[in-house]
Amino acid sequence: PAMTPRRAPLRLPTPNGVRSAALAPDGDAVAAWGDDGVVRVWDADGRPRAELRPDGAVRAAAFAPPGDALATVSGRTATVWDVAAGAARCTVAGHT
């Protein structure tokens, strides 16, 4: 069987460390977030693609195929982001 070449570990520069991360379905991007409330997105070579600023601490995030949109959940709010534009496509607030 063919072997897949291994890449060097990707170093993600974040000011306060990484709480969690999400990988795009195509493997071409990674999003990571920490306690500063900023979701940072890099391409597979470690180049910055976007800094997203949701309202509140991010609890979870996931890319939508093919990787051009990222959904984040913070508090009772879900936001879908356009990664290329670095802007929110839509936000849905939860019920109280």
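Two strands count as paired if DSSP finds at least two bridges between them. Strands themselves are DSSP runs of E with at least two residues, while helices are runs of H or I with at least four residues, and the numbering goes from the N terminus.

Before you start: this is a predicted model, where local features need pLDDT of at least 70, side-chain atom pairs count only at pLDDT 80 or more, and totals for chains, interfaces and linings use all residues. Residues are numbered from 1 along each chain as its sequence is written, and side-chain values use heavy atoms, with hydrogens and water left out.

**Exercise 1.** Work out the strand order and the edge strands of the open sheet that holds β5, β6, β7 and β8.

*Solution.* Step one: the four strands line up as β5-β6-β7-β8, and their pairing is antiparallel. Step two: look for strands that pair on one side only; these are β5 (58–64) and β8 (87–93), the edges. Step three: get the twist, which averages 20° from one strand to the next. Angles like this use axes that are lines fitted to C-alpha atoms (for helices, over the stretch in contact), and run from 0 to 180 degrees between N-to-C directions.

**Exercise 2.** Follow β6 into β7 and describe the link between them.

*Solution.* Start with the pairing: β6 (residues 69–74) runs antiparallel to β7, and six bridges join them. Next, pick out a partner pair: Val-73 has Ala-78 in β7 as its bridge partner. Then check the turn: the hairpin leaves two residues between the strands, and Gly-75 takes a positive phi near 60° there.

**Exercise 3.** Do the same for β7 and β8.

*Solution.* β7 covers residues 77–82 and is joined to β8 by six bridges, again antiparallel. Now for some partners: Val-80 bridges to Cys-90 in β8, and Asp-82 stands opposite Ala-87. Finally, the hairpin: here four residues lie between the strands, and Gly-86 takes a positive phi near 70°.

**Exercise 4.** Take the open sheet that contains β1 to β4, and find its edges and a residue pair within it.

*Solution.* First, the order is β1-β2-β3-β4, with antiparallel pairing. The edges are β1 (20–23) and β4 (48–52), each pairing on one side only. Strand-to-strand twist averages 20°. Last, zoom in on β3 (residues 39–43): four bridges tie it to β4, antiparallel, with Val-39 opposite Leu-52.
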